[in-house]
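I open a fresh page for a structure that is new to me. My plan is to look up the annotated sites, then the spaces in the fold.

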Amino acid sequence: MSFENVDYKSLNIPAAPFSDPSIIPSFPKGKVPRHVGLIMDGNGRWAQQRGLVRTDGHQAAEPVVCDVIAGAIEAGVRYLSLYTFSTENWKRSPSEVRFLMGFSRDIIRRRVAQLDGWGVRIRWSGRRPRLWKSVIDELEIAEERTKHNTTIDVVFCINYGGRAEIADAAAEIARQVRDGKIEGDRVTEKMFAQHLYNPDIPDCDLVIRTSGEQRTSNFLAWEAAYAELDFAPELFPDYGRQAFWRSIEHYVNRDRRFGGVKKA
Ligand code: IPE
Ligand code: IPE
Ligand code: MG
């Protein structure tokens with residue numbers, strides 16, 4: 001099945017983000033994670049298990065991405081970072097890389113109206129060099145169109161690497177020191193964080209990874225330094241808003257101490 005010939009209207013795409021309120025768990029007030037990072041893993045294995053090609057697994061992920069965004073809105077999550085393409089994913093075959101680039105561009109184009117209607121502010125986090133210009137163009141159009149939305153910020157992490165982001169921040173600070181704009185001995189954690197890709201976005205509270213793998217694969221290295229981790233067993237195409245709520249439920253029951261001691 002070639003990518004161009006897929007009839008996306010036939011896919012199970014949620015027309016509206018809203019569930020029957022009775023099925024949405026009522027999370028304790030103030031306990032819902034403000035910023036969730038999601039490592040959407042397992043598309044290739046999902047396809048292989050069905051005798052399909054890896055790219056079919058990526059296609060199957062599209063409605064799931066929308067469903068999870070809807071579930072995040074319903075749960076009251078304010079920032080959702082989606083790990084879409086890592087700085088390491090360039091190691092994949094040229095045909096898979098080409099597919100993932102074109103597919104990212106097309107998903108954003110295809111979904112921008114729907115997400116805009118849901119109040120989503122679309123953003124991008126990642127490195128410019130090497131990323132297809134058409135992907136950057138599409139992201140910039142979507143960012144511009146949705147910049148006033150305030151329901152949720154959905155950050156597509158494309159050509160994103162945690163170490164790349166930290167190195168880019170360090171390089172930017174070094175340039176500013178060279179140009180006399182900042183003093184070298186003034187580098188603090190707080191000012192360093194102001195040079196990350198999206199400095200206004202708060203630290204990540206919860207990182208979820210699907211597919212049962214238990215690693216973070218260079219995702220949000222700085223922002224998730226103190227995040228809770230949830231490893232969901234489902235391959236990403238089998239994940240969805242209810243599984244996402246289960247991950248939130250796990251988070252809500254965690255005891256976050258940040259190095260301190262819990263009050264008796
Ligand atoms: C995640 O699924 C999607 C991307 C990394 C783009 P994978 O493609 O990594 O699927 P698996 O892990 O090989 O099953
Ligand atoms: C992480 O998944 C990257 C994305 C989901 C975009 P990978 O499948 O690339 O990570 P590894 O290879 O298992 O560490
Ligand atoms: Mg993987």
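The entries below follow the order in which I looked things up.

**Entry 1: the kind of model**

I note first that this is a predicted model.

**Entry 2: the active site annotation**

Which residues does UniProt list for "active site"? I looked up the unreviewed entry and found Asp41 and Asn89 there. I then checked how these residues sit in space. They are spread over 49 residues of sequence. Even so, they cluster, and the largest C-alpha distance is 12.1 Å. I also checked them against the largest pocket, and its lining includes both Asp41 and Asn89.

**Entry 3: Asp41**

I placed Asp41 in the chain next. Asp41 sits in the loop between strand S1 (35-39) and helix H1 (43-49). Is Asp41 buried or exposed? I put Asp41 down as buried because its relative accessible area is 16%, and the cut-off for buried is under 20%.

I listed its contacts, leaving out residues up to four places away in sequence. Asp41 touches Arg209, Thr210, Ser211, Glu213, Leu235 and Phe236. A polar contact also links the side chain of Asp41 with the side chain of Arg45, at 3.2 Å.

**Entry 4: Asn89**

Asn89 lies in a loop too, this one between strand S2 (79-86) and helix H3 (94-117). I read a relative accessible area of 16% for Asn89, so I wrote it down as buried. What does the side chain of Asn89 reach? I found the backbone nitrogen of Ser86, at 2.8 Å.

**Entry 5: the binding site annotation**

I went back to UniProt for "binding site". The unreviewed entry lists Asp41 and Glu228. From this set, the lining of the largest pocket takes in Asp41.

I had already looked at Asp41, so I turned to Glu228. Glu228 belongs to strand S6 (residues 228-231). Its relative accessibility is 15%, so Glu228 counts as buried. I set aside its neighbours within four places in sequence and noted the contacts. Glu228 meets Asp205, Leu206, Val207, Tyr251, Arg254 and Arg256.

**Entry 6: the largest pocket**

I looked up the volume of the largest pocket and got about 640 Å³. How many residues line the largest pocket? I found 31, and the closest to its centre are Met40, Tyr83, Thr84, Asn89 and Arg92. I recognise Asn89 from the "active site" listing.

Next I asked which elements give two or more residues to this lining. They are H1, helix H2 (54-75), S2, H3 and strand S4 (152-160). I sorted the lining residues of the largest pocket by kind as well. They divide into 12 nonpolar, 10 polar and 9 charged.

**Entry 7: the second largest pocket**

I moved on to the second largest pocket, which holds about 310 Å³ of space. I found 19 residues in its lining. Those nearest its centre are Leu196, Ile201, Asp203, Trp222 and Glu223. S4 and helix H6 (189-193) are the elements that give two or more residues here. Which element gives the most to this lining? I wrote down H6, with 3 residues. By kind, the lining of the second largest pocket has 9 nonpolar, 4 polar and 6 charged residues.

S4 also turned up in my note on the lining of the largest pocket.

**Entry 8: the cavity**

How many cavities of 30 Å³ or more does the structure hold? I found 1. The volume of the largest cavity is about 40 Å³.

I then listed the residues around it. Glu62, Val65, Cys66, Ile69, Ile107, Arg111, Leu115 and Phe156 line the largest cavity. H2 and H3 are the elements that give two or more residues to this lining. H2 has the largest share, with 4 residues. I split the lining of the largest cavity by kind and got 6 nonpolar, no polar and 2 charged.

**Entry 9: looking back**

I close by tying two annotations together. Asp41 is listed for "active site" and again for "binding site". Asp41 also belongs to the lining of the largest pocket.

Notes. Residues numbered from 1 in each chain as written. Chains lettered and ligands numbered in written order. Predicted model: local features only at pLDDT ≥ 70, side-chain atom pairs only at ≥ 80, totals over all residues. Heavy atoms only, no water. UniProt positions renumbered as here; feature names shortened; annotations may be inferred. 1 Å grid on protein atoms, 1.4 Å probe; cavity = no way out; pocket = protein on both sides within 12 Å on 5 of 7 lines; lining within 4 Å. Buried < 20%, exposed > 50% of the residue type's maximum accessible area, 1.4 Å probe, protein only. Contact = heavy atoms within 4.5 Å. Polar contact = N/O pair within 3.5 Å; in protein donor to acceptor, adjacent residues only side chain to side chain. Points joined across faces, edges and corners; volume = space filled by probe spheres on them. Nonpolar A, V, L, I, M, F, W, Y, C, P; charged D, E, K, R; others polar.
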